[in-house]
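Here is a short tour for anyone who likes to check a model by eye. Keep the viewer open while you read.

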Amino acid sequence: MTASQQLREHSGAAGQPPVIEIRNVYKHIGKKTIVRNVSFDVYPGEIFGLLGPNGAGKTTLIRMLVGLMSISDGSMKVDGHDVRRAPDKALRSIGAIVENPEMYKFMSGYKNLLHFAKLVPGNGIDRYRILDVVSMVGLDNRIHDKVKTYSLGMRQRLGVAQALMHKPKVLILDEPTNGLDPAGIRELRDQLKTLAREERIAVVVSSHLLSEMELMCDRVGVIQQGVLIGIQQVTEENTSEHAVPILFQVDSREAARKVIALAFDGLAVDSDPLGILVTTSAGCIADINAKLVAGGVRVSGISIQAKSLEDKFMEMTGRP
Ligand SMILES: Nc1ncnc2c1ncn2[C@@H]1O[C@H](COP(=O)(O)OP(=O)(O)OP(=O)(O)O)[C@@H](O)[C@H]1O
């Protein structure tokens, strides 16, 4: 996939410029190329997933983005600042958890945050900001309890609060659900969605679990052996303008085809064991249904046959 193809996968959230711009990035270590020609953008308010098996290069890509590893070739920009040329400015816009956040277990969550705020002098983080981030991650009720009494999920959220203190535009989490139980994963997922939607923060998460990415992300970039093989929109097919196969369960396929051919010239209609499949936008369902019923066709069910991320992933990787 070329850089321009990868970028065309997304038209930009409400015309906003991307907050992360990655262009033709390579990472060589010794004679190995660990990341190869990767390009993509991430927009404010979206959750972007990096999906790939262990060793695919996700952590390496993230480490380059947060300045923990040098970039061999290509460019990475955060909020318009080049990570290589102006690392301080670029990093100011990033909050990240790449390794497990170190917390003092015998101190309260609040004191931990206060401690981290003091480590960065002149950053303007006051107690009001700390209480703000505590509220953003939903830890208000427990923030004065010692961290040793927190569940793993709560510690993870405290880590997110710490990463958010300096008001970053981008939040980056490497394998954030590792070790969390299903309830913890769900809490984290809801929290990240709220941060993206309400605070307009761009969130980048990595995982090797497709099901997790599908539930959490708006778009997912699939990485294999250091190559970004494709980017899939997860939520797009729920919008009313995007063409998707729609199954109409009807008593007569033949009659239904005739009605549609007459009323909607050129609309793609295929047969299905349960009825007919019409490929169009979900916004047309009511009109099609009305014409079918008016044409004497009994419609017993209508469903959108959206492909799951797993189907798309299999197509992308060429697996059966
Ligand atoms: N410092 C290094 N020296 C040599 N090889 C490295 C180094 N860091 C990473 N690699 C190799 O680069 C490849 C990608 O590693 P990376 O950690 O980025 O993968 P990943 O997709 O994050 O997978 P995981 O979930 O297992 O961490 C692996 O084959 C790894 O062994």
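Helix α2 gives the shell around the ligand its largest share, three residues. Both β2 (32-42) and α2 (58-65) supply at least two residues of this shell each. Helices (H or I, at least four residues) and strands (E, at least two) are DSSP runs here, numbered from the N terminus. Around the ligand you will find Ile29, Lys32, Ile34, Gly52, Asn54, Gly55, Ala56, Gly57, Lys58, Thr59, Thr60 and His208; a residue belongs there if its C-beta atom, placed from the backbone, lies within 6 Å of the molecule. Sorted by class, the shell has seven polar, three nonpolar and two charged residues. In this scheme Ala, Val, Leu, Ile, Met, Phe, Trp, Tyr, Cys and Pro are nonpolar, Asp, Glu, Lys and Arg are charged, and the others, Gly among them, are polar.

A word on the model: it is predicted, with local features needing pLDDT of at least 70 and side-chain atom pairs counting only at pLDDT 80 or more, while totals for chains, interfaces and linings use all residues. Residue numbers start from 1 along each chain as its sequence is written.

Now to the sheet. Six strands form an open sheet with mixed pairing, in the order β6-β7-β8-β3-β9-β10. Its edge strands, β6 (94-97) and β10 (227-233), each pair on one side only. From one strand to the next, the twist averages 15°. Helix α6 (residues 152-164) packs on the sheet and touches β6 and β7 (170-173), contact meaning C-beta atoms, placed from the backbone, within 7 Å. The direction of α6 makes about 155° with that of β6, where axes are lines fitted to C-alpha atoms, for helices over the stretch in contact, and angles run from 0 to 180 degrees between N-to-C directions.

Two strands pair if DSSP finds at least two bridges between them. Three of the pairings look like this:

| Strands | Sense | Bridges | One bridge pair |
|---|---|---|---|
| β3 and β8 (residues 202-207) | parallel | five bridges | Leu51 and Ser207 |
| β3 and β9 (residues 219-224) | parallel | four bridges | Phe48 and Arg219 |
| β9 and β10 | antiparallel | six bridges | Val220 and Gln232 |

Is strand β3 enclosed or open? Five of the five residues of β3 (residues 47-51) are buried, so the strand is largely enclosed by the rest of the structure. Buried means that 20 or more other C-beta atoms, placed from the backbone, lie within 10 Å of the residue's own. Ile47, Gly49 and Leu51 point one way from β3, and Phe48 and Leu50 point the other way.

Note on methods. A residue is buried if 20 or more other C-beta atoms lie within 10 Å of its own, exposed if 12 or fewer, and partly exposed in between; C-beta atoms are placed from the backbone. Two residues are in contact if their C-beta atoms, placed from the backbone, lie within 7 Å.
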